Amino acid sequence: MLYTIFAILTKPFRHMRLRNKLFALVGLVSLGPILLFGAYSYETMRRELTRQMYDSMAGTTGQVSANLKMKLDSYSKISSSLYLDRRLQTMLTNDYSSGSGYLEAYDYINNTFNNLLATNSDIADVVVYSTNPTLPADQVFIRRADEKMKQNAWYRAVEKAYGSVTFTVMRATNPTNEAVAQGTEERKPNRIVLARQLDNNSLNYPYGILTLDIPEADIYALMEKENVSKAVFVVAADGTIISGKDKSLLNENLYAQLHGEQSDGLTGSYFGTYNGERVYVVYNTIDNGWRTVSVVSYDSLLSNVNRAFSRIAVIGLATALVAIGLIYIMARLFTKRIEKLLQVTRRIEREDFDIQLPDNSHDELGQLSFAMTKMSGRMKALINEVYKKEIAKKEAEMNMLQAQINPHFLYNTLASISALAARSQDTRIQDMVGHLAKFYRISLNKGKRIISFGEELRLTKSYIAIQQLRFQGLLHIHERIDEAALPYPVVKLMLQPFIENVINHAIWDDEAGINIILKAQIEGDILLLHVIDDGMGMRPEKLALLQPEWDGESTSGYGIRNVDARIKLAFGEEYGVRIYSRFGIGTSVQIRIPLSGLKE
C-alpha cells in the first residue's frame with residue numbers, strides 16, 4: 001500500500017529532466033520548510049496576540065463594568081436617601097389647601113435638592129413629579145404628574161419596576177427658542193434618567209416619582225480613554241446602547257449591527273461582524289443586566305502580526321530566490337556535463353568511438369569522462385579486431401559450405417548424364433545438359449550467396465527438370481506459391497538438397513512414383529516455405545538424426561544441416577529448418593525466413 005502511494009506520488013517526477021528534479025527538490029527542501037515555519041509562526045503569533053488582546057479587553061470591560069456598577073450604586077443610594085427622608089415625605093404629602101404652608105415645603109425641598117446637586121456634580125437635575133394636588137408645582141424641583149409626564153419612556157419603566165430604581169436612556173432634546181421661552185420644553189443633553197416611585201413603603205399609596213438626570217457624558221467618562229483603539233459601549237439588557245463614543249447610536253440596538261454567537265454567561269468573547277467588518281468582541285455584565293461591550297477590528301488586531309509575517313515572508317522569499325539562483329547555476333553546470341556524457345554515450349551507441357571528453361576536473365564526473373574516453377578507444381580496437389575475425393570466419397564458412405554442395409551435386413548430375421549417354425544417344429541428353437547449364441548459371445551467380453526467392457525457385461525447377469528427365473513419370477511436382485513471396489531474399493541452393501533427399505530416399509514405388517508439393521506463403525513478418533512428399537517417411541530415430549540441432553556423429557542429414565547453418569548465419573538463430581515425418585505417410589520440411597532480410 002505504501003509502495004503504491006509512493007509510486008503514485010513520484011510518477012510525475014520519473015521522466016523529468018535532472019535539472020527540473022533539482023528544482024523540485026529545492027522547492028520541497030527550502031520553500032516547504034519556510035512556508036511551514038511561516039504558517040506556524042503566523043498562527044502562533046495570531047493566537048498569542050488574540051489571547052493578549054482578550055486579556056486586555058477583558059480587563060478593560062471588567063474595570064469599566066466595576067466603575068459603572070459603583071456609579072449606578074451611588075445614584076441608587078442618593079435616590080434612597082431622598083426616598084427615606086421622612087421630612088421630605090411629609091412636605092410632599094401634606095395638605096396645602098389653605099394657608100401658605102407650602103412655602104416651608106419649597107424652602108426645605110430647595111435646600112435639600114440644591115445641596116444634593118452641589119455635592120454631586122455628575123447629577124444634572126432632580127425633579128419630583130408630585131401627585132399631591134394641594135402642593136403647587138414650581139416647575140423646577142416640583143412638577144405635576146400629568147399626562148405629558150406619562151409619555152416619557154422612563155415613566156413606562158417605573159410602572160413595571162414595582163418600586164425599584166430604573167435607569168432609562170433619553171436622547172438629547174433640542175427644542176426651538178420659542179418653546180424654551182414659553183417653558184413648554186427644555187434643552188437637555190443625552191442623559192440617563194434614574195426614576196423611582198415615592199410610595200411611603202406602600203405601592204398602593206404613591207405620592208410621586210423621583211427622577212435624577214445623569215448626563216450620558218458622565219457615564220462615557222468611565223470608558224473614554226478606552227475608545228482610542230476600540231469601540232466600547234454600555235448597553236442595556238435588550239441591547240439598547242446607553243453610552244458610547246458615537247452619540248448618534250444612543251438608544252439604538254447594538255445587536256442589530258453586531259452579529260455573532262454570544263454565550264449566556266455574564267462574561268465572554270466571540271468573533272462577529274460589525275458594519276460588515278470582522279471584529280473581536282469581549283463583554284461583561286453587571287447586576288442590573290447592563291453590559292460593557294468592547295469591539296475591536298480583527299484586521300487591526302492582526303495588523304502587527306501581518307506586518308511581522310510580511311517581513312518574514314519577504315526574508316523567506318529572498319532566501320528562496322537566492323537558493324533557487326544558486327541551485328540553477330549549480331544544476332546548469334552539473335547537468336551540462338551530464339548532457340555531454342549522454343551525447344558521447346549515444347555516439348558510442350551508434351558505434352562512433354572517436355570521442356574526446358576534455359574534462360579536467362577530478363570529481364566523479366571528471367573521472368567518469370576519463371574512463372569513458374579510454375573505454376571507447378578500447379572498444380573500438382576490440383570491435384575492429386573481433387569484427388574482422390568474425391567476417392573472415394563467416395566468409396570462410398560460407399565458401400566452404402557452398403563448395404561442399406556444388407561438387408557433390410555436380411558429381412551426381414554428371415553420373416546421370418554418363419548413364420544416359422552409355423545407354424543410347426537421345427535428345428534427352430541435350431535437354432539435361434541445357435537444364436544443367438541453367439542451374440549453374442543461377443547457382444554460381446558471380447559468387448552471390450543471397451538471391452531472391454524467385455531466383456531460388458527457378459534454380460530448383462531447373463534441378464527438378466533434370467531429375468524428371470532421369471526419372472520419367474516418377475516425379476509429380478505441385479506448386480502452391482504466393483507470388484508476393486518471390487521478391488524476398490533467401491540463401492542460394494536452399495530447396496535443392498530437400499528435393500534431392502526425396503528422390504534418393506523417399507521413392508518406394510517405382511511404378512506410382514512420388515508427389516512433391518512446393519509451398520510458399522507469408523505469415524506476419526515470416527516467409528514460410530514447405531517441401532512436402534508422400535514417400536515412405538522416416539522412423540523417429542532416423543528423423544532425430546536428420547534434425548538440424550543434432551550434434552552427434554552421423555553422416556546422415558549433412559545437406560539439411562548445411563542449409564540450416566547457412567540460414568542461421570545469414571538471418572539469425574531463430575530462423576532455419578524443421579523436419580516432420582511419419583513412417584509410411586511422408587515427410588514435410590518447413591523453412592522459416594524473415595521478411596526483413598539479412599541480420600545486421
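In helix α4, the buried residues are Ala-105, Tyr-106, Tyr-108, Ile-109, Thr-112, Phe-113 and Leu-116. An α-helix has 3.6 residues a turn, so residues three or four places apart point the same way. Helix α4 covers residues 102–119, which is 18 residues. From its first C-alpha to its last, α4 reaches 26 Å, close to the 26 Å expected at 1.5 Å a residue. The model described here is a predicted one.

**The chain as a whole**

The protein chain has 600 residues, and buried residues make up 40% of them. Its secondary structure comes to 15 helices and 18 strands. Among contacts with a separation of 6 or more, 61% join residues 24 or more positions apart. The exposed area of the protein chain is about 34,300 Å², and carbon and sulfur atoms supply 56% of that area.

**Helix α9 and the annotated span**

An unreviewed UniProt entry lists residues 308–331 as "transmembrane region". In the model this span is 100% helix and 0% strand, and its end C-alpha atoms lie 34 Å apart.

Helix α9 runs over residues 303–349 and contains Met-330. Met-330 has 55% relative accessibility, so this residue counts as exposed, the cut-off being over 50%. Met-330 also belongs to a nonpolar patch on the surface, together with Tyr-328, Ile-329 and Leu-333. The accessible area of these patch residues together is about 430 Å².

**Two residues with positive phi**

Most residues other than glycine have a negative phi, and most peptide bonds are trans. Asn-275 has a positive phi, near 55°, and Leu-493 likewise has a positive phi, near 55°. Each is set out below with its place in the chain.

| Residue | Phi | Loop | Relative accessibility |
|---|---|---|---|
| Asn-275 | near 55° | between β9 (267–274) and β10 (277–285) | 55%, exposed |
| Leu-493 | near 55° | between β14 (489–491) and α13 (496–506) | 0%, buried |

Asn-275 lies in a loop with a strand on either side, β9 before it and β10 after it. At 55% relative accessibility, Asn-275 is over the 50% cut-off and therefore counts as exposed. The loop that holds Leu-493 leads from strand β14 to helix α13. Leu-493 has a relative accessible area of 0%, which is under the 20% cut-off, so Leu-493 is buried.

Technical notes
Residues numbered from 1 in each chain as written. Predicted model: local features only at pLDDT ≥ 70, side-chain atom pairs only at ≥ 80, totals over all residues. Heavy atoms only, no water. Helix = DSSP H or I, 4+ residues; strand = E, 2+ residues; numbered from the N terminus. Buried < 20%, exposed > 50% of the residue type's maximum accessible area, 1.4 Å probe, protein only. Contact = heavy atoms within 4.5 Å. Areas by Shrake-Rupley, 256 points an atom, 1.4 Å probe, with all protein chains shown as cover. Patch = residues over 30% accessible without salt bridge, like charges linked within 9 Å, V, L, I, M, F, W, Y side chains within 5 Å. Salt bridge = Lys/Arg side-chain N within 4 Å of Asp/Glu carboxyl O. Expected span 1.5 Å × (residues − 1). UniProt positions renumbered as here; feature names shortened; annotations may be inferred.
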